[in-house]
Amino acid sequence: MSAYHVPAAAGYIKLDAMENPYTWPEALRQSWLAELAHVDVNRYPDPAASQLSVRLRAALDIPADMGLVLGNGSDELIQMLAMAVAAPGRAVLAPQPSFVMYDLIARFVGMKYIGVPLRADFSLDLPALLEAIDLHQPALVFLAFPNNPSGNLFDEREMVQIIQASPGLVIVDEAYHAFADRTFMQRLGEFDNLLVMRTLSKLGLAGLRLGALAGPPAWIEEIDKVRLPYNINVLTQHSADFALRHAHVFAEQTQAICAERENLSRALGKLKGLTVYPSRANFILLRAPAGRANEIFARLKQAGVLIKNLSGAGGALADCLRVTVGTPEENAAFLTALTEAL
Ligand SMILES: *Cc1c(COP(=O)(O)O)cnc(C)c1O
């Protein structure tokens, strides 16, 4: 294996990691800092993050009878899920391409990873998925909803068929919920193997590292057994609580990003030779003219714009690039550089 590589981004217009491009208004920043001034960092954090959990339950609309466990980003929750069920010969299954950490983490814990190819339009290949589930009996199935890196929502009735056919847990990963407005959260409890995962990262708090996993309490209690006791640090607990009390700021930013996504998609659609995939997330997947993705990526970088080059993955992602929706100014700079590169 090789370590997860994060490219240096200093000085670039950073459109590679699905971050919210907006910082906090100055007055909000000042009242946040005033609150943090009272936090005692000499003490360990609340191991259960009780106050934050109450706040999150309300903010994420988690049904009262469901359990909740928090992670240092949803990355850590994926790791906890894998550690909780890992055993020789057991499998993690997900549509392919999807979020790379499902594959990486499965391998960290010694499980098999089964990637089932999506169709050419990145929709689920239900017969292939049902067959793979039957064959491999996966302990975990991950469905990113919307999917990363394709940006689309899967068909909900097909997802339900996957949940019903799965012998193990099915985790609906709603990292991009804020931009898609579709959720399985209210369907928790309808299936005894369904869990829903969220994160505050894509909403504008990527630096805090906070993910949430909700589902039937009996399952959440088992997963909580592999959680390190102080995984949510005291600054994150207070900062996330503060941020959720000012959720309107993030809601406005989310609206602006969704509007910009539509503007950017429309502008990209006018460029010759590009395929632009419809997105319900805060990024857009593009397919460059055959064989030109590496060159276009390099030219954008030269022009000071950093996006994600997915073309190395080959297969369904051959010639593909992914761009995060930025501010109107950033998107304009990206469009100018891309037009020149093309
Ligand atoms: C970004 C992303 C995550 C990870 O989010 P963190 O909470 O920052 O660890 C999880 N799932 C998907 C599908 C993502 O795109």
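**Close-up 1. Helix α2 and its two sides.** In this predicted model, helix α2 spans residues 50-59, and Leu52, Ser53 and Leu56 are its buried residues to look for here. Those three sit on the same side of α2, because the arc they cover around the axis is only 100°. Swing over to the other side of α2 and you meet Gln51, Val54 and Ala58, which are exposed. What do the buried residues of α2 pack against? Their partners are β2 (67-71) and α10 (234-245). Just after α2 comes a little backbone detail: Asp61 takes a positive phi, about 60°.

**Close-up 2. Strand β7, covered on both faces.** Strand β7 runs over residues 194-199, and six of its six residues are buried, so the rest of the structure largely encloses it. One side carries Leu194, Val196 and Arg198, the other Leu195, Met197 and Thr199, and all of these are buried. Now for the neighbouring strands. Strand β6 (residues 169-173) runs parallel to β7, with four bridges joining the two. One pairing to pick out here is Asp173 with its bridge partner in β7, Met197. Strand β8 (residues 211-215) is also joined to β7 by four bridges, but this pair runs antiparallel. Here Arg198 has Ala212 of β8 as its bridge partner.

**Close-up 3. Ser98 in its loop.** Ser98 belongs to the loop that links β3 (91-96) and α4 (100-108). Is Ser98 buried or exposed? Its relative accessible area is 10%, and the cut-off for buried is under 20%, so Ser98 counts as buried. Its side chain makes a polar contact of 2.7 Å with the side chain of Asn147. Setting aside neighbours within four places in sequence, Ser98 is in contact with Asn147 along with Ala144, Asn148 and Pro149.

**Close-up 4. The ligand and its shell.** Around the ligand there are 14 residues, and the ones that come nearest are Asp173, Tyr176, Thr199, Ser201 and Lys202. Two of these names are back from the β7 view: Asp173 is the bridge partner of Met197, while Thr199 lies on one of the two covered faces of β7. Where do polar side-chain atoms meet the ligand? Asp173 has a side-chain N or O atom 2.6 Å from a nitrogen atom of the ligand. Asn148, one of the contacts of Ser98, places a polar side-chain atom 2.9 Å from a ligand oxygen atom. For Arg209, a polar side-chain atom lies 2.7 Å from an oxygen atom of the ligand. On its own the ligand would expose 390 Å², and the protein buries 94% of that. Two elements give two or more residues to the shell, namely α3 (73-85) and α8 (201-205). Of these, α3 supplies the largest share, with three residues.

**Close-up 5. An open sheet of four strands.** Read across this sheet and the order is β9-β10-β13-β12, with antiparallel pairing. Which strands stand at the edges? They are β9 (275-276) and β12 (308-309); each has a single partner strand, so one side of each is left without a neighbour in the sheet. Further in, β10 (residues 283-287) and β13 (residues 320-324) run antiparallel and are joined by five bridges. To find your place along this pair, try Ile284, whose bridge partner in β13 is Val323.

Methods. Residues are numbered from 1 along each chain as its sequence is written. This is a predicted model: local features need pLDDT of at least 70, side-chain atom pairs count only at pLDDT 80 or more; totals for chains, interfaces and linings use all residues. Side-chain values use heavy atoms; hydrogens and water are left out. Buried means under 20% relative accessible area, exposed over 50%, partly exposed in between (1.4 Å probe, protein chains only). The arc is that of the directions from the helix axis to the C-beta atoms. Contact means heavy atoms within 4.5 Å. Two strands pair if DSSP finds at least two bridges between them. A polar contact is a pair of N or O atoms within 3.5 Å; within protein, one must be able to donate a hydrogen and the other to accept it, and residues adjacent in sequence count only if both atoms are side-chain atoms. A residue is near a molecule or strand if one of its heavy atoms lies within 4 Å of it. Accessible areas come from the Shrake-Rupley method with a 1.4 Å probe; for residues, only the protein chains shown count as cover.
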